[in-house]
Amino acid sequence: VTTAREVALRALLRVHEGAYANLVLPPLLATSGLDERDRGFATELVYGATRMRRACDFLVDRFVLREPDATVRAALRLGAYQLAYLRTPAHAAVSETVAVVPRRARGMVNAVLRRVAADLGDAGSAGVVWPDEATRLSYPDWIVNRLVAEHGRVDATAALEAMNQAAVVTERPDGYVQDLASQWVTAHVGARPDELVADLCAGPGGKATGMAEAGAHVIASDVARPRADLVAANACRLGLASVATLVADGRRPPLRPGSLDRVLVDAPCSGLGVLRRRPDARWRIREDDVDRLVALQVELLGAARALLRPDGSLVYSVCTLTSAETTAVADAIGAAHPDLQPLERPGPPWRPWGSGAILLPQDVGTDGMVVFSWTRRSRTM
Ligand SMILES: C[S@@+](CC[C@H](N)C(=O)[O-])C[C@H]1O[C@@H](n2cnc3c(N)ncnc32)[C@H](O)[C@@H]1O
């Protein structure tokens, strides 16, 4: 019989080789024969051991002499995660993890995990003396340093801790699964019946279908065909005939300038607000990706502005927390286009952030999100 730990180890090995956890796990679970409870446990093990990889490695590496091979490394992370964070009784965490590793590696995994267990004692991760905050929180240094510098230690630490928890699932009244922060961005766009609105980065269509539910005619465009196809499929499933999908680079939208009531740029970003949802993303995203994304975001907003009719509104949202991708982008757009005037930002639970608003993941348990909005004045002063 397959066990949750066996499935988790197989998935972790693939994830540590660079695969996406959310892509690797579902097919493994589907063919595992595990019941629902064990599937949940396997998911928790894979997501948790991936999020807490750096912290688990610290706990393990004190007792490891040479870098172990990939299977042993994955098994040690799996075991350490159970011992430190799930507080699984030591005998079960060790013996049941050892049971799923190849015979040749059992002695090594057993010896190391026993020492980790003894060292943790009854306190789990709470009793560990960590070398630094980034190891304790299990993020790359640059993410911790950047968020601490830009949000202050208290808010940054709380955000990073919140994103070490499992994400919650929220469903809209129409059944579409979408985080509340994203739903609130759609509400902030405020599309009204019969308005013509465009979403230039629309895939998979959460906000586009939300605006269509509000009665607007929505042009949902995405540069990636599979993403645009997802929008079409979602609109179809929800029975929304008022969503037209398009494959186009949002920097050069094939739409008539000055023709739209509202344009949403829900831009590609570094995703530092949604790390709880993508356990491997923190190890994948690189600091220099941010600069490339900023340039793209500014270009997308410039193109979006040109589509607005006079007094039309432009909304910019990103699920990240860096100042570069939020306040700095908004400042650049404001400076380049004096005809754009900031609109009133959403109220609590959003907090003011530059001329826009931010939701930190710890505030009300949503994704981290930032939103800015402007109206295009008919005449410049
Ligand atoms: C944050 S996601 C959008 C989420 C979507 N608005 C929703 O609510 O479901 C960003 C999207 O931007 C798309 N994208 C990336 N570069 C783009 C570009 N140059 N033009 C248009 N879309 C782009 C990506 O394919 C991705 O689907």
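Is Lys207 buried or exposed? In this predicted model, Lys207 is buried, because its relative accessible area is 8% and the cut-off for a buried residue is under 20%. The residue belongs to helix 12, which covers residues 206–213. Once its neighbours within four places in sequence are left aside, Lys207 is in contact with Gln178, Ser182, Val185, Thr186, Asp199, Leu264, Asp266 and Ser317.

## The nonpolar cores

The largest nonpolar core holds 74 residues, and the members that touch the most other members are Ile143, Val218, Val263, Val265, Leu314, Tyr316 and Trp374. Helix 15, made of residues 287–307, gives the most to this core, namely 6 residues. Val265 can be followed in detail: when residues up to four places away in sequence are not counted, Val265 touches Leu200, Leu300, Leu301, Ala304, Leu314, Val315, Tyr316 and Ser317. A second core, separate from the one just described, has 51 residues, including Leu12, Ala21, Ala42 and Cys56.

## The second largest pocket

The second largest pocket encloses about 370 Å³ of space. Its lining is made up of 20 residues, and those that lie nearest the centre of the pocket are Arg51, Met52, Tyr81, Asn164 and Gln165. The elements that each give two or more residues to this lining are helix 3 (36–51), helix 5 (70–86) and helix 8 (133–137), and the largest share, 6 residues, comes from helix 3. When the lining of this pocket is sorted by class, there are 8 nonpolar, 6 polar and 6 charged residues.

## Salt bridges

Side chains of opposite charge can pair when their charged atoms come close. In this model the count of salt bridges comes to 30, and three of them are set out below.

| Pair | Closest N to O distance | Relative accessible area |
|---|---|---|
| Arg77 and Asp57 | 2.7 Å | Arg77 10%, Asp57 13% |
| Glu287 and Arg146 | 3.1 Å | Glu287 37%, Arg146 14% |
| Arg172 and Asp174 | 3.0 Å | Arg172 8%, Asp174 25% |

What does the salt bridge between Arg77 and Asp57 tie together? Arg77 lies in helix 5 and Asp57 in helix 4 (residues 53–61), so this pair ties together parts that are 20 residues apart in sequence. Arg77 counts as buried at 10% relative accessibility, and Asp57 is buried as well, with a relative accessible area of 13%. Both residues also belong to a network of salt bridges that links Asp57, Asp61, Glu67, Arg73 and Arg77.

The salt bridge between Glu287 and Arg146 has its closest N and O atoms 3.1 Å apart. Glu287 lies in helix 15 and Arg146 in helix 9 (residues 141–151), so this pair ties together parts that are 141 residues apart in sequence. Glu287 counts as partly exposed because its relative accessibility is 37%, whereas Arg146, at 14%, counts as buried. The pair formed by Arg172 and Asp174 also joins a buried residue to a partly exposed one, since Arg172 counts as buried at 8% relative accessibility and Asp174 is partly exposed at 25%.

## Details of the backbone

Where in the chain are cis peptide bonds found? One of them joins Gly203 and Pro204, with omega at about 5 degrees, and Pro204 has its place in the loop between strand 1 (196–199) and helix 12, the helix in which Lys207 lies. Another cis peptide bond runs from Pro348 to Pro349, with omega near 10 degrees, and Pro349 is placed in the loop between strand 6 (340–342) and strand 7 (351–353).

Two aspartates have a positive phi although they are not glycines. For Asp194 the value is about 75 degrees, and this residue is found in the loop between helix 11 (180–189) and strand 1. Asp194 is exposed, because its relative accessible area is 61% and the cut-off for an exposed residue is over 50%. For Asp311 the phi value is about 70 degrees, but Asp311 lies in strand 5 (residues 308–318), and with a relative accessible area of 48% Asp311 is partly exposed.

Definitions and conventions. Residues numbered from 1 in each chain as written. Predicted model: local features only at pLDDT ≥ 70, side-chain atom pairs only at ≥ 80, totals over all residues. Heavy atoms only, no water. Core = buried A, V, L, I, M, F, W, Y, C linked by side-chain atoms within 4.5 Å. Buried < 20%, exposed > 50% of the residue type's maximum accessible area, 1.4 Å probe, protein only. Helix = DSSP H or I, 4+ residues; strand = E, 2+ residues; numbered from the N terminus. Contact = heavy atoms within 4.5 Å. 1 Å grid on protein atoms, 1.4 Å probe; cavity = no way out; pocket = protein on both sides within 12 Å on 5 of 7 lines; lining within 4 Å. Points joined across faces, edges and corners; volume = space filled by probe spheres on them. Nonpolar A, V, L, I, M, F, W, Y, C, P; charged D, E, K, R; others polar. Salt bridge = Lys/Arg side-chain N within 4 Å of Asp/Glu carboxyl O.
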